[in-house]
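Could you walk me through this structure, piece by piece? I'm new to it and would like a plain tour.

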Amino acid sequence: MFFILPCRHDLAWTVESIPLFVFASSIKELLFNQNIDEAILHYYIYKRKAGAAKDCESKYIPFSILQPSAFTHLEKERLPGIEEEINRAIEDMGSNIKKLIIPINTSKAIVNGEIQEIGMHWNLLVYVVNTCEWQHFNSVRSNTYKSKYLEDAKNMADYCQPHINKWCKKNNRRQNINSVVNFTSMEVPEQGSDPDCLLYLCYWFKRSVKPSKPMIADPEWLKELMHNRRVTVAYKLLTAKYPEKSWGNF
C-alpha cells in the first residue's frame, strides 16, 4: 500500500548532507509507468555530482549544471529566479568547466504536430566550452522546424550565451567567447510511447560528462534500457547507503 496509494508526505529517500527528498509517489511513478517527478532528476543530479567529486580526474569531464527550474524562470519571466539560477549560476562557474548542462522542461506538449496547452517534456541542452557549441538532445522530435522543444532550447541558448561570454572574460578564456549561437540538434533515438523522457535526459547527461562509453544509437536497445531503468532507479532509492537514507531505515 505504501507505493500503490502513497501520501505525498510518505518519505522514500533522503540524504543528510543537503535538503533533498524523494517521496513514495515518485517511486510509484517509476514502477507504474507514469510521468516521472522532477525529484528523480534532482536525485540523479546529486548522484552525478557525488560521482564527479570522487572520480573527477579519471572519469568525469568538469561540468556545471543549472537547476531544473532555470528554464521555467526564463519562460515565465521570473526575474529573481533568472538572476539566481541562470545569470549568477553561469557567471560564477568554476574556471575549469568544460561543459554546461541545462535540463529543460517544456510545459506544453506536442501531439500530432500541434502544441497542447497541458503536458510536459524533458529535454537536454549542453554547452561545450572548447568548441563553443550548443548541443540539443531530445527524445521526441517533430518534423516541423518550429518544434516547441527546439524553440525552447534555442531561446535558452540565446539567453545564456552572453553570460557564458562574461564567464569566459572573467576566467581569461577569451578564445572561448562566441558572439554567435552555434546550435546543433543532435541525432538521437526517440523514446516511443512510454513516458521516459526524464530518463533519456539523465542518460544523455551522464554520457556527456562521463564519456567512457559511446552513446547508444540503436533506438530499440536504448528504449528498452531506459524503460528498465525505472526499476533500477527505484531499487537504488530503496536500498540506499549512508549518507543516503531509504524509507526502511529512517
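Start on the outside, where Leu 31, Phe 32 and Val 231 make a nonpolar surface patch of about 280 Å². A patch is built from residues with over 30% relative accessible area and no salt bridge, with like charges joined within 9 Å and nonpolar side chains (Val, Leu, Ile, Met, Phe, Trp, Tyr) joined within 5 Å. The areas come from the Shrake-Rupley method with a 1.4 Å probe, and for residues only the protein chains shown count as cover. Keep in mind that this is a predicted model, in which local features need pLDDT of at least 70 and side-chain atom pairs count only at pLDDT 80 or more, while totals for chains, interfaces and linings use all residues. Residues are numbered from 1 along each chain as its sequence is written, and side-chain values use heavy atoms, with hydrogens and water left out.

One member of that patch, Val 231, is found in helix H7, residues 219-238. Val 231 counts as exposed because its relative accessibility is 52%; the scale used here calls a residue buried under 20% relative accessible area, exposed over 50%, and partly exposed in between (1.4 Å probe, protein chains only). Helices (H or I, at least four residues) and strands (E, at least two) are DSSP runs, numbered from the N terminus.

Now for helix H1, which covers residues 24-31 and has Ala 24, Ser 26, Ile 27, Glu 29 and Leu 30 buried. Take Ser 26: its relative accessibility is 3%, so Ser 26 counts as buried. Setting aside neighbours within four places in sequence, Ser 26 is in contact (heavy atoms within 4.5 Å) with Asp 37, Ala 39 and Ile 40. After H1 comes Asn 33, with a positive phi near 55°.

Let's step back to the whole protein. Its secondary structure comes to 7 helices and 10 strands, and buried residues make up 47% of its 250 residues. Among contacts with a separation of 6 or more, 65% are between residues 24 or more positions apart. The accessible surface comes to about 13100 Å², and carbon and sulfur atoms account for 52% of it.

Met 93 gives a closer look at contacts of this kind. Met 93 sits in the loop between helix H4 (79-91) and strand E4 (99-106), and is buried, with a relative accessible area of 7%. Leaving out neighbours within four places in sequence, Met 93 is in contact with Ser 64, Leu 100, Trp 167 and Asn 171. Met 93 and Ile 164 are 71 residues apart in sequence, yet 9.3 Å apart in space, C-alpha to C-alpha.

What about empty space? The largest pocket has a volume of about 600 Å³. Of the 25 residues lining this pocket, the closest to its centre are Tyr 44, Arg 48, Lys 206, Lys 210 and Lys 236. Helix H2 (38-59), helix H6 (197-209) and H7 are the elements that give two or more residues to the lining, and H2 gives the most, with 9 residues. There is also 1 cavity of 30 Å³ or more; about 40 Å³ of space lies in the largest cavity, and its lining includes Met 120, Trp 122 and Cys 197. On a 1 Å grid over the protein atoms alone, a cavity is a set of points where a 1.4 Å probe fits but cannot get out, and a pocket is an open set with protein on both sides within 12 Å along at least five of seven lines; lining residues have an atom within 4 Å of a point. Grid points are joined across faces, edges and corners, and a volume is the space filled by probe spheres set on the points.

Last come the salt bridges, 7 in number, each being a side-chain nitrogen of Lys or Arg within 4 Å of a carboxyl oxygen of Asp or Glu. In one of them, Lys 245 pairs with Glu 16, the closest N and O atoms being 3.1 Å apart. Lys 245 lies in strand E10 (residues 244-246) and Glu 16 in the loop between strand E1 (11-15) and strand E2 (20-23), so the pair ties together parts 229 residues apart in sequence. Another salt bridge joins Glu 75 and Lys 148, with the closest N and O atoms 3.5 Å apart. Here Glu 75 belongs to helix H3 (residues 70-75) and Lys 148 to helix H5 (residues 148-170), 73 residues apart. Glu 75 is partly exposed at 29% relative accessible area, whereas Lys 148 counts as buried at 9%. Glu 75, Lys 148 and Asp 152 are linked in a network of salt bridges.
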